[in-house]
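Visitor: I should like to learn how to read individual features in a structural model. May we take them one at a time?

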Amino acid sequence: MMRFMMLASEVSGAEGAQMNPTVALLIQIVPFVLIALVFYFLMIRPQRKRDKETQKMRNSLEVGDEIVTSGGIIGRVVSIREDTVVIETGSDRSKVRIMRWAIQANNTIHDN
């Protein structure tokens with residue numbers, strides 16, 4: 001085992017002395033590029049897709065839709081403005097004005 005390790009260090013030392021500096025730099029950079037690509041495809045790209053779908057849902061709200069806010073309030077849309085939405089909550093029909101970005105989900109099924 002020890003003999004194999006000494007042989008491997010001699011071979012890698014000999015290769016390192018003959019290696020072009022540009023190739024050595026590329027060998028060091030390639031793992032970082034691969035890690036960045038993995039992060040992009042496993043984390044960043046799916047999150048952007050979810051954000052686009054959520055924004056599309058918020059932009060397609062209609063009066064009468066049942067929504068859930070990020071705070072857990074469930075209500076029915078009464079009016080829609082540029083940045084705010086008025087919803088009715090509960091059986092006593094109390095109205096609450098919320099920001100459009102606070103809408104987490106639309107529980108109403110629409111025919112496409």
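Guide: Asp65 is buried (under 20% relative accessible area, 1.4 Å probe, protein chains only). Asp65 has no salt bridge, that is, no side-chain nitrogen of Lys or Arg within 4 Å of a carboxyl oxygen of Asp or Glu; the nearest side chain of opposite charge, Arg76, is 6.8 Å away. This is a predicted model, in which local features need pLDDT of at least 70, side-chain atom pairs count only at pLDDT 80 or more, and totals for chains, interfaces and linings use all residues. Residues are numbered from 1 along each chain as its sequence is written, and side-chain values use heavy atoms, without hydrogens and water.

Visitor: With which side chain does the side chain of Asp65 make a polar contact?

Guide: A polar contact is a pair of N or O atoms within 3.5 Å; within protein, one must be able to donate a hydrogen and the other to accept it, and residues adjacent in sequence count only if both atoms are side-chain atoms. Here the partner is the side chain of Asn106, at 3.2 Å.

Visitor: Where is the place of Asp65?

Guide: Helices (H or I, at least four residues) and strands (E, at least two) are DSSP runs, numbered from the N terminus. Asp65 lies in the loop between helix H2 (21-59) and strand E1 (66-69).

Visitor: How many bridges join strand E3 to strand E4?

Guide: Two strands pair if DSSP finds at least two bridges between them. Six bridges join E3 (residues 84-89) to E4 (residues 94-99), and these strands run antiparallel. Val86 stands opposite Arg97 in E4. Four residues separate the strands of this hairpin, where Gly90 takes a positive phi near 70 degrees.

Note on methods: Buried < 20%, exposed > 50% of the residue type's maximum accessible area, 1.4 Å probe, protein only. Lys, Arg positive; Asp, Glu negative; His and termini not counted.
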